[in-house]
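Reader: I am new to this structure. Please take me through one part of it slowly, the part where salt bridges share partners, and then show me how it sits in the whole.

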Amino acid sequence: MNLIKVFLEKPKLTILLFLWMLCVGIISYTKLPITALPQMEIPVIVVSAQLIGASPVTMARTVALPLEQQFSAVPGVTSVRSVSAQDNMKITLEFASNIDINAAAVDVNSAIQASLKKLPADMQQPPTYRKINPSSEPVIVLSLNSSHMKSWEIGQYCDDYIIPQLSSIPEIANINVSGKKKFAVRIAVDPEQLYSHKLDVEDIISLVIKNNMYGGVGIVQGENLLQNYFLQTKLSKSKDFAELLIKNQTALRLKDVSRVYDGVDNVYSDAWFKTHKSTILLVYKQESANAIRLADQVKTMVSDIQKTLPKGTQLDVIVDRTVSIKAGLDEVKMTAIISLILVVLVVFVFINHMYSTFIPALSIPICIILTFCFMYMLNFSINIMTLLSFTLAIGFIIDDSIVVYENIMVHRELGKNALQSALDGTKEVIFTVVSMTLSLIAVFIPLFFLSGILGQLFYEFSVTMTIAILLSGLVSLTIIPMLTQFVSTTNHQSFECMEKFQTYLNSIQSAYVHSLTSFFKYKKNIFMITFVTLLLNAAGFVMIKKGFFPKEDTGLIVGVIEARPEASYKQMATEMKKMFDILSKVPFIKSYNGSLGASASTVTPNEGRFFIVLKKPSERPKIDNILKSLKTKLAVMSNLKITLTPVQNLKLGSSSSKGMYQVTLQGKSFQSVTQKSLQLKDRMEKIVGLTDLSSDLKMSSLQASIDVDRDKAKMYGISLEKIYSLLQYVFSQSPISYIYDDHDVFPIIFELNRKGSPQIDDVNRLYIKSPEFGTLVPISHFVSLKTENAPLQVNHFNRLPSVTLSFNIDGSKSLGDIIEKVAESFKTIVSDNDVNIMFEGFAKSYQNSQSGNLFLILASLFTVYVILGILYNSYSSPLTIISGIPSSGVGGILLLYILGYDLDVISFIGFILLIGIVKKNAIMMLDFDQQYRSENSDISLTESIITAADRRFRPIMMTTMTALLGAVPIACWQGTGSEIRQPLGITIIGGLLLSQLLTLYITPLFHVRIQEYIQSKRKNILA
């Protein structure tokens, strides 16, 4: 109290101190980073490896398995997932959330080095790793194209100038490039021509390698001069190689037996921006990076690069995810401003005095600005969750100031001077303010201990809210009482319309007191009424649809196309162009881009990936309606399976899949996992509301098995190694040598010159020289082909065979319903424990949240009970205070159900907030009752609580209305990101509407009934 007295008696000190703190807060705000959601780090490392010519099964056995064995021993690893495909393999390592990603990277590198001895000797380079989550979407996407440069020249320019400049931005984790071409000299040998000149493939390979030597050969030291000898073949273009002399006698050259031309390194990869081929750069941020700052830096650098681009070359930003992030944050800020206006209007209507309204309202900006200081010290950011906490806190912050201000004004009306009124009025309500503040903060304490993704998601929200509430208590006991000294009680200008409202409010108050008096004849049933509300809560929680996190409309859609496993690249490219033609006619699409070929998110050749950028929300329907329309339009693409998923700011898990939700089957036997996954997929296809079902099990790919008759080959003196080398040179598309220049290294690629379309039996056109007889032997003499089905992709999860099914939800059913149906379907097909089922990503987080939500509610209630019990030094008073809380739960669930919303983690936060809001009413009522009975010892319990209800009716109505109207913009305001805000606002509005009606009656009756019960027990003990 002495400290408060200092603030009241020295107003200049108080004003100057708070002005200084406000300046610090404003400066802190300018330095806070801006993000969509709080930083949620999932430590993930992706390891990649290549083995040219290896089948998916070979990759899984010879590359993935040795690496998986090493990675299983890395500290902190929670899951090891591998995907093996033709020529390449990816392993995704997910770590516990408390593991430092840099330390984990050191351990992963050590594991890679330890496994090198077990990996195939013909791997061209060791496995590499990246600290990036493959399930993440790029922050920004760029398109590079030119009307004057060839495709490989664009690729070269990208490597030499664009990527190095962009990579200088520290917060960029990785830049994936799709459609980039690299110059290559391609030698398409003609087997028939070779045979006619008695040559085989090995002769041509040897010729190229021997004539492509490049490097120093020695040093000559003279008396006064040192000189290097350097061998320069000067072979750099196809025309140089074409003129290589094979036979001196006949002047036979390489161009006579093969087609030598300038080409590109990869003919099975392309990217498009709209309908034109382009080089697409996908920029990914580091886990801890600020997306908006990164995007701004990239766009600034792109603007600078554009000034130096060659003629006819263009570098454009085609996807910027931060546009929707900024729009969402602007919408939340606007919501907060509207909430502030509504709250101030409520106070003004009740007080009917402009200056008296201004003083309590001043606490809102003061508390919010001061909170920025603490956010800066805690390394928080301005994001949707922290802005939501400010929006909601507006209704709470002003409550304490209203209570203090009104009580001071009562003392002013008794004739006391301004200073004494401030001292006495503040002293009377200190305990009330402390009780309301601490009990409200107690609601958030369980949130501090949440683990996993939910803990990271709500930590900044709960801490920011807690700080703002603590500051509201401090401001209400210092700056607000000090400012009341400057309010005149004589010049009280009122408004006629407000006078009418006051009259109307007085009538309601009289009617309430009268009805409350009549209602006391039912006080014996109050425990039953409370029990019924608890049952209604339980029933509501069981019946309402359940979800995890609202689906956002970010204006971005990511799509995956999947053709039949045996589809050629040419067919895939044709189908991709057809799809783009359809997208070009959709009026709500701003732009689109896509790519084919192995990338960070696709490893199989029968898949492609594309992005769709929608127009502004004001220029189009909701994204769900657009998705339905697009699926209808794209249904004509019968040769493709197309999956469309809206891009979300919240991305969970580490697996890249076609749908938002995943379920993985894992077992010791590949056959068992395959069988059960096919059975489960059949059942999931029949689940109503489940859409876009796909599986990463790809078993129907065509494979030509080449069987070698070893005895026949040995008869010709031909080794198996020589046959293997011949086939790999011709069909693997791997470099046989390299061209070196001042800037880069370019491959020389060997291939088969085909006269028509590639055929499965092209291998029979080859000849191989017999060391035994010195003649050319058709390889078909000792090699036979057999076409069979083989897996296009082999998957492991924690070293065991696995299959992942991904899916989306169309909105007719909730995530909880779908997960329950999937789990039931799995139980019907599994009779033993040979196969396990695991939900992943959003589905896994949903399951974890369901097990913790009830505990969270109970923990919040118990924490509030303990805090109130300590403050009131009573076991019974806290029970009275929390007795009205169940009614708020009924109201919140009912309104969510009526409006068709799911019960998710956002609405659960609404229920936790309701605990803090509703109990404030009871605290104000109970504090007055205790004080009134201490001053009037002969008054009955019933008379005392009725008087308390009468005297506290107006502040109760005012604080409830401020909280209610503060939540109205959150629930009703449309715009970017409204999907996240609305469940929270609806829960609070529904809970307050019902609880306000019921708690005005339940709290007084419960208080009297429980006190009478305690008194009767005491009498029985004394008797």
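Author: What follows starts with the whole chain, then turns to the salt bridges and ends with a few other places.

The model is predicted. Its chain averages a pLDDT of 83, and 93% of the residues score at least 70. Confidence varies by element. Strand 5 (residues 140-146) has the highest mean pLDDT, at 91, and strand 9 (residues 226-232) has the lowest, at 65. Where pLDDT is low, the predicted coordinates should not be read in detail.

Now the overall frame. The chain has 31 helices and 31 strands. Its C-alpha atoms fill a box of roughly 130 × 75 × 55 Å along the principal axes. Of the 1023 residues, 55% are buried. Contacts often reach far along the sequence. Among those between residues at least 6 apart, 81% join residues at least 24 apart. The chain exposes about 45,000 Å², and carbon and sulfur atoms supply 57% of that area.

The salt bridges come next. The chain has 23 of them. Start in helix 10 (residues 291-306), which holds both Lys299 and Asp296. These two form a salt bridge, with the closest N and O atoms 3.9 Å apart. They sit three residues apart, about one turn of the helix. Lys299 is partly exposed, at 28% relative accessible area. Asp296 is partly exposed too, at 32%.

Asp296 has another partner. Its side chain meets that of Lys326 in a salt bridge of 3.2 Å, N to O. This pair links distant parts of the chain: Asp296 is in helix 10, Lys326 is in helix 11, and 30 residues separate them. Lys326 is also partly exposed, with a relative accessible area of 30%. Shared partners join Asp296, Lys299, Asp320 and Lys326 into one network.

Stay with helix 11, which spans residues 322-351 and includes Ile325. Is Ile325 buried or exposed? Ile325 has 7% relative accessibility. The limit for buried is under 20%, so Ile325 counts as buried. Leaving aside neighbours within four places in sequence, Ile325 is in contact with Thr35, Ala36, Ile292 and Asn649. Val647 is 322 residues from Ile325 in sequence, yet the two are 12 Å apart in space, C-alpha to C-alpha.

Compare another salt bridge. Arg253 pairs with Glu243, and their closest N and O atoms are 3.7 Å apart. Arg253 lies in strand 11 (residues 252-253), while Glu243 lies in the loop between helix 8 (238-242) and strand 10 (245-247). Ten residues separate them. Arg253 is partly exposed at 28% relative accessible area, and Glu243 is partly exposed at 36%.

Two more helices complete the picture. Helix 30 (residues 953-972) has 20 residues. From first C-alpha to last it reaches 28 Å, close to the 28 Å expected at 1.5 Å a residue. In helix 30, 16 of the 20 residues are buried, so this helix is largely enclosed by the rest of the structure.

Helix 18 (residues 526-543) holds Phe531. Phe531 is partly exposed, with a relative accessible area of 46%. It belongs to a nonpolar surface patch of about 570 Å². The patch is made by Phe531 together with Met528, Val532, Leu534, Leu535 and Leu536.

Note on methods. Residues are numbered from 1 along each chain as its sequence is written. This is a predicted model: local features need pLDDT of at least 70, side-chain atom pairs count only at pLDDT 80 or more; totals for chains, interfaces and linings use all residues. Side-chain values use heavy atoms; hydrogens and water are left out. pLDDT is the predictor's confidence in each residue, from 0 to 100. Helices (H or I, at least four residues) and strands (E, at least two) are DSSP runs, numbered from the N terminus. Patches are made of residues with over 30% relative accessible area and no salt bridge: like charges are joined within 9 Å, nonpolar side chains (Val, Leu, Ile, Met, Phe, Trp, Tyr) within 5 Å. Accessible areas come from the Shrake-Rupley method with a 1.4 Å probe; for residues, only the protein chains shown count as cover. A salt bridge is a side-chain nitrogen of Lys or Arg within 4 Å of a carboxyl oxygen of Asp or Glu. Buried means under 20% relative accessible area, exposed over 50%, partly exposed in between (1.4 Å probe, protein chains only). The expected span of a helix is 1.5 Å times one less than its number of residues. Contact means heavy atoms within 4.5 Å.
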